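Colleague: Could you take a close look at a single part of this model with me? I am new to this, so please explain the terms as you go.

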Amino acid sequence: PISHGSQQFLYLLTEALCDQGDIVLVEAPTYFVYLGILQSFGTKTKSIPMESDGLDLAHLEKTLEGLKKSGQIKRVKMLYLVSYFQNPTGISTSLEKKKAIFRLVKSYEKHAGHPIYILEDAAYRELKFPDTAETPSLLTLPGAQNRVIYSGTYSKPFATGVRVGFGFLPEPLRSVVMRIKGNHDFGTANLLQSVLEEALDSGLYHESITQL
């Protein structure tokens, strides 16, 4: 779905997926604005320290195991990652670590009794130097299409006033989020989407990223 910036997509997703008292695993530190969204829904967080290439896997496993033993694993709904040039650390998660994170989280679903999604926030993905290697998204991993939620935006790489974001997410979440989106605002502003379409078609968007 298209959203009014990725901020709205994150809000809609959390509204659809999380109940009060549910748990979302997050990086430590992480994007503080999303922490505010989680707090507004009464959602709890469990923080996982960062290493130079992404989450500390040993700490992630220890946290999941602790939640399993305490019975709280049933309240875990997703893991939130800012996987490219993370805000605020600037760290990008390596492909090897993405694969390991996906396998580890998926292995605890049987204890949770429901899907545990991974939310990959790629807001800064395009803001890289030309010689920086491109790391594939979690969405490219086998079986990830049913468990990975991908969030992107044009506001940060192009123009902050052009509030257009987007997300890829599996069913049945997609239908629920689309319904909530309609209840919020009947759809993202056509004018902003038209401005963005012109920027993409004309090449202005890519010229701007190169200059940045």
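Modeller: Let's start at glycine 203, which comes just after H7 and takes a positive phi of about 90°. Before going on, please keep in mind that this is a predicted model, where local features need pLDDT of at least 70, side-chain atom pairs count only at pLDDT 80 or more, and totals for chains, interfaces and linings use all residues. Residues are numbered from 1 along each chain as its sequence is written, and side-chain values use heavy atoms, with hydrogens and water left out.

Now to the helix itself. Helix H7 covers residues 190–202; helices here are DSSP runs of H or I with at least four residues, numbered from the N terminus. The expected span of a helix is 1.5 Å times one less than its number of residues, so the 13 residues of H7 should span 18 Å, and the end C-alpha atoms are indeed 18 Å apart.

Which residues of H7 are buried? They are Leu192, Leu196 and Ala199, where buried means under 20% relative accessible area, exposed over 50% and partly exposed in between, with a 1.4 Å probe and protein chains only. These buried residues cover an arc of only 60° around the axis, which puts them on the same side of H7; the arc is that of the directions from the helix axis to the C-beta atoms. Helix H8 (204–211) is included in what covers them, with contact meaning heavy atoms within 4.5 Å. On the face of H7 turned away from the buried side sit the exposed residues Asn190, Leu191, Glu198 and Asp201.

Conventions
Helices (H or I, at least four residues) and strands (E, at least two) are DSSP runs, numbered from the N terminus.
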